[in-house]
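Please look at the sequence and the 3D structure below, and keep both at hand while reading this report.

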There are 2 protein chains.
Amino acid sequence: MKSIVVTMAHGSGGKLTQELIKEHFWPRFTNPALDSFLDSSILKIQKEIAFTTDAFVVKPIFFPGGTIGKLAVCGTINDLASVGAQPVYLSASFILEEGLTWKELDAVLDSMAETANEAKVKLVAADTKVVERGAGDKIYISTSGIGYLKVDPVPQPRRMKNGDAILVTGSIGNHGLAVLQARNSFFTKLPVESDCAPLWGLVEALLAAKIPIHAMRDPTRGGLATVASELAQASRLAVTLQEDQIPIDVPVQAACDMLGLDPLTLANEGKLVIIVPSAAADEALRVLHQHRYGRRAERIGDVQCQPEGLALLRSRIGGTRILESLSGEPLPRIC
Amino acid sequence: MKSIVVTMAHGSGGKLTQELIKEHFWPRFTNPALDSFLDSSILKIQKEIAFTTDAFVVKPIFFPGGTIGKLAVCGTINDLASVGAQPVYLSASFILEEGLTWKELDAVLDSMAETANEAKVKLVAADTKVVERGAGDKIYISTSGIGYLKVDPVPQPRRMKNGDAILVTGSIGNHGLAVLQARNSFFTKLPVESDCAPLWGLVEALLAAKIPIHAMRDPTRGGLATVASELAQASRLAVTLQEDQIPIDVPVQAACDMLGLDPLTLANEGKLVIIVPSAAADEALRVLHQHRYGRRAERIGDVQCQPEGLALLRSRIGGTRILESLSGEPLPRIC
């Protein structure tokens, strides 16, 4: 009789591992490159690619708006999109905790397959390992991605210029707050879902409209504040954000006010911060607004020469504070 | 004062994550592609590549002959080598358990850097996450690798032919037994080290000598028996191994006899099973014997037409038994 949960034997590399792969993975990810009898997949590729990796350890593995599987696919897609690369191939390695139910595993895999299909990326390499109860936490996923570069030169902080506009593709803090709510029960649940989404389509639309993208980042762990600070440091320019221009959903702001959290440091998994020439900002926003993941895009600030290397927030009431990289850990295992 | 161990704050994505990366990763893996300000590395690449991924959860993380870091680099290199691809780029994502000491982390990273240097592969993408005490086991590593295909057509089971010779590049079972001994204290420690090694050099030497490689596998989890069974199934031919030709170190055989283990199902991390035309077998062995990782290479069997899809072992005393994929889990978390 088949066990209803993952057992250590499913990590043996033998028959039960094959069964695990054939029954749970193959039906969802079949493609010619995922050849079970080769240790590596063989891929045709263009001359220059982007390559990235991330580990995902989010807790809980299911949260409003996503799963650890959807997050893993989106995270890797968005890291590729951030350098102007079209995501093409994914690998995924799974560390399963003994006792994970097949139902949980399949729900995670379903969400991965659905997101990969939406984003037109193929899973071409995978691996599974099983650890004993208490040596993991249900499931950890590491994904790597290969993308085709579509922008030359690659968007990067050193291309930022004095006067550039800073855009964000929508409201911030939703992922961080959705996970926090899913994990704790210390306040009324506000209707907040993770923004977890694959964002290559947004970048593709901007490129089709010939928007010159100077720099781009996805504000995940550490949030908008960390990305602003890192962009300022790397460009040696000043990044100034206008607090009243930053889109924040009402329940996110309300929860942050109650809990003393700064929405600018909360993680996002479906947003991009995009730096474009000021003259292209309006057209870029028009393009973003037409896309399902960019409807609430805003211009939130500008790049200036001084003070060199600093990110500043101009508050609603006229004050200015320095935005810093997140220090310490307000919310562990957010992604 | 700096903590002497990894803390949850080192997973924040903010300042302490940057400190972790700058102090522990950069000094060991510096290269132009590992650009800290881009979410993906940009790589020049040839037209067809091999791509693979694996998770590593070996317990303990240090064992005679290797570490989880050396294992992760070798495992990915050997998966690429097995399809005839020269390993070029690696990514690594780390799941660190809170409380891991910097000394442990650095020893793991040192062994990764040393092995990557030996094998001339570059780490070009990395990520770190931290989980709470008890939600991991010191350190898990997932590596992905990109390699340049050097063999056309790619070695694969469907290229195997009746009469082909089956070679193994050295003694089997060493990794499995070394990890078992490192984990348990139920018998006298025999002098067995893991064979953990990067094997592209062996393949390169065979290719330089124009040996036609029909198929190739690295017998890791599940060991030689599982690989023999999988090769037979995939090729729809018979794979017959001669027990007295299979190199097994004396202490490995002694320990297996005492413990009732089958060395053919023990994991290897520095061996290849190589299928070549019978006429090329002697020359292939000559080439392998000149290489540090192939000194004890042997011809251990032949490919035949019948019985279709089965792997057989001819024993020293003249009997024959069917070799099967490992079923169940004699030794979990071996890699």
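The report describes strand pairing, one helix, and how the two copies are related.

This is a predicted model, in which local features need pLDDT of at least 70, side-chain atom pairs count only at pLDDT 80 or more, and totals for chains, interfaces and linings use all residues. Residues are numbered from 1 along each chain as its sequence is written, while chains are lettered from A and ligands numbered from 1 in the order in which they are written.

Helices (H or I, at least four residues) and strands (E, at least two) are DSSP runs, numbered from the N terminus, and two strands pair if DSSP finds at least two bridges between them. In chain A, strand β12 (residues 298-304) takes part in both pairings below.

| Strand of chain A | Pairing with β12(A) | Bridges | Residues opposite each other |
|---|---|---|---|
| β8 (residues 165-168) | antiparallel | four | A:A165 and A:D302 |
| β10 (residues 238-242) | antiparallel | four | A:V239 and A:V303 |

In chain B, helix α2 (residues 68-81) has 14 residues, which at 1.5 Å a residue (times one less than the number of residues) should span 20 Å, and its end C-alpha atoms are indeed 20 Å apart. All 14 of the 14 residues of α2(B) are buried, so this helix is largely enclosed by the rest of the structure; buried means that 20 or more other C-beta atoms, placed from the backbone, lie within 10 Å of a residue's own.

Chain A can be laid on chain B with an RMSD of 0.0 Å by a turn of 180° and a shift of 0.0 Å along the axis, so the two copies are related as by a two-fold rotation axis. The superposition is by least squares on the C-alpha atoms of residues with pLDDT of at least 70 in both copies. Within chain A, the residue that comes closest to this axis is A:G136, at 2.2 Å (C-alpha).

Terms used
Buried ≥ 20, exposed ≤ 12 C-beta atoms within 10 Å, placed from the backbone.
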